[in-house]
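Please look through the sequence and the model shown here before reading on. The report then takes up one helix and the neighbours it packs against.

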Amino acid sequence: MNEKRKKLPPLCAKYGHPLNGSTRGVEQILEDYGALDRIAVALASQEQNNVALTGPAGCGKTSTVRKLAALIEEGRYARLAGRRVVELNIDLINQERDKRDLRFKHILDEAEYYNIIIYVDEAHRLSENSGPTNLLNTLKPYIASGGISMLISTTSEEFRRYIAKDRAMERRFQPVELKEPDYERLLLILERVARVRYPDTEITRAAIEETARLAALCAPERSEPARSLELLHYEVSAAQIKLPPGENVKLITEREARRAAALKTDNAVGGCD
């Protein structure tokens with residue numbers, strides 16, 4: 001990598017952060033290479049080289065982008081070699097509203113010059129402050145020219161409501177929809193995270209299955225795998241709360257999973273006690 005590419009240009013560094021192989025959270029998904037390959041092919045194409053990643057909240061959209069960045073870094077997609085994925089912080093960009101649009105233009109200019117892939121989570125926020133001054137309208141000419149590659153993620157409903165209503169913008173994005181994992185894949189995700197995040201703790205298969213069952217009962221409004229991962233981390237924390245720092249619990253069974261779910265919900269949800 002040449003000197004120009006070793007670190008981010010100043011505005012991308014100030015208002016965003018790079019996603020790469022060391023980014024926390026990459027290990028939290030079981031790779032869906034079908035979706036990853038579709039995203040990579042779209043980003044490398046000459047036309048319509050922008051991707052809208054949609055799906056229910058908690059289904060792993062951001063983790064998928066993190067994994068994509070790691071795979072680019074590892075060399076899986078030679079056509080994207082040397083390119084970096086930078087996630088922008090919309091809250092920072094929105095500071096000092098009178099300077100926001102010009103600031104965003106300068107960030108996009110940097111991304112185009114340095115061939116950076118820009119990622120925006122909760123992309124419906126680009127349309128905040130409806131009218132000619134919202135960030136979505138600032139973005140339009142860059143998307144139309146094909147000079148930059150954008151990755152955005154949002155729920156399917158928010159994409160239809162805020163992005164797809166503008167037909168010109170909708171045509172510029174290739175949609176890739178992520179779905180919740182089925183039960184068997186969910187268990188594989190939980191087992192993988194358990195091994196990677198808690199190597200000194202044995203979490204039994206029965207505990208993993210109970211975690212998936214209880215998460216569905218205790219947080220039915222949330223999507224997988226986020227709700228089961230949240231409960232998994234919570235039950236490990238609950239199991240070792242009385243241990244001194246640096247000491248890890250050795251075993252977690254379905255009993256610990258049930259206790260953690262009851263504690264988390266304060267026994268408010270049937271089936272969690």
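What follows is a short report on a predicted model, beginning with the chain and ending with single residues.

## The chain as a whole

The protein chain contains 13 helices and 8 strands, and 49% of its 273 residues count as buried. If we take the contacts in the chain with a separation of 6 or more, 78% of them come from residues 24 or more positions apart.

## Helix α11 against helix α12

Helix α11 spans residues 205-218 and packs with α12 at an angle of about 120°, the axes of the two helices being 9 Å apart. Because angles over 115 and up to 145 degrees fall outside the parallel, antiparallel and perpendicular ranges, α11 is described as oblique to α12. The crossing of these two helices is right-handed.

On the α11 side, the residues that take part are Ala207, Ile208, Thr211, Ala212, Leu214, Ala215 and Ala216, and they meet Arg227, Ser228, Leu231, Leu232 and Glu235 in α12. Sorted by class, this contact of α11 with α12 is made up of 8 nonpolar, 2 polar and 2 charged residues.

## Helix α11 against helix α13

Helix α13, which covers residues 254-265, has an axis that comes within 8 Å of the axis of α11, and the two cross at roughly 20°. Since angles under 35 degrees count as roughly parallel, α11 is roughly parallel to α13. The crossing in which α11 passes α13 is right-handed.

Here Ala206, Ala207, Glu210, Thr211, Leu214 and Cys218 in α11 meet Glu254, Ala257, Arg258, Ala261 and Thr265 in α13. By class, the contact of α11 with α13 has 6 nonpolar, 2 polar and 3 charged residues.

## Two alanines in α11

Ala207 is placed in helix α11, and it is listed both among the residues that meet α12 and among those that meet α13. With a relative accessible area of 0%, Ala207 is buried, because the cut-off for that word is under 20%. Setting aside residues up to four places away in sequence, Ala207 touches Glu235, Ile252, Thr253, Glu254 and Ala257. Glu235 stands 28 residues from Ala207 along the chain, and the C-alpha atoms of the two are separated by 9.9 Å.

Ala212 also has its place in helix α11, and at 6% relative accessibility this residue counts as buried. Apart from its neighbours within four places in sequence, Ala212 is in contact with Tyr183, Leu186, Leu187, Leu190, Glu224 and Ser228. One of these partners, Leu186, is 26 residues from Ala212 in sequence, while the distance in space is 7.7 Å from C-alpha to C-alpha.

## A buried arginine in α12

Arg227 has its place in helix α12, which runs over residues 226-239, and it is one of the α12 residues that α11 meets. Is Arg227 buried or exposed? Its relative accessibility is 15%, so Arg227 counts as buried, given that the word is used for values under 20%.

Which residues does Arg227 touch, not counting residues up to four places away in sequence? They are Ala215, Ala216, Ala219, Pro220 and Arg222. For Ala219 there is a further detail, in that its backbone oxygen lies 3.3 Å from a polar atom of the side chain of Arg227.

Terms used:
Residues numbered from 1 in each chain as written. Predicted model: local features only at pLDDT ≥ 70, side-chain atom pairs only at ≥ 80, totals over all residues. Heavy atoms only, no water. Helix = DSSP H or I, 4+ residues; strand = E, 2+ residues; numbered from the N terminus. Buried < 20%, exposed > 50% of the residue type's maximum accessible area, 1.4 Å probe, protein only. Polar contact = N/O pair within 3.5 Å; in protein donor to acceptor, adjacent residues only side chain to side chain. Contact = heavy atoms within 4.5 Å. Axes fitted to C-alpha atoms, helices over the stretch in contact; angles between N-to-C directions. Parallel < 35°, antiparallel > 145°, perpendicular 65-115°, else oblique. Left-handed = near helix turned anticlockwise from the far one by under 90°. Nonpolar A, V, L, I, M, F, W, Y, C, P; charged D, E, K, R; others polar.
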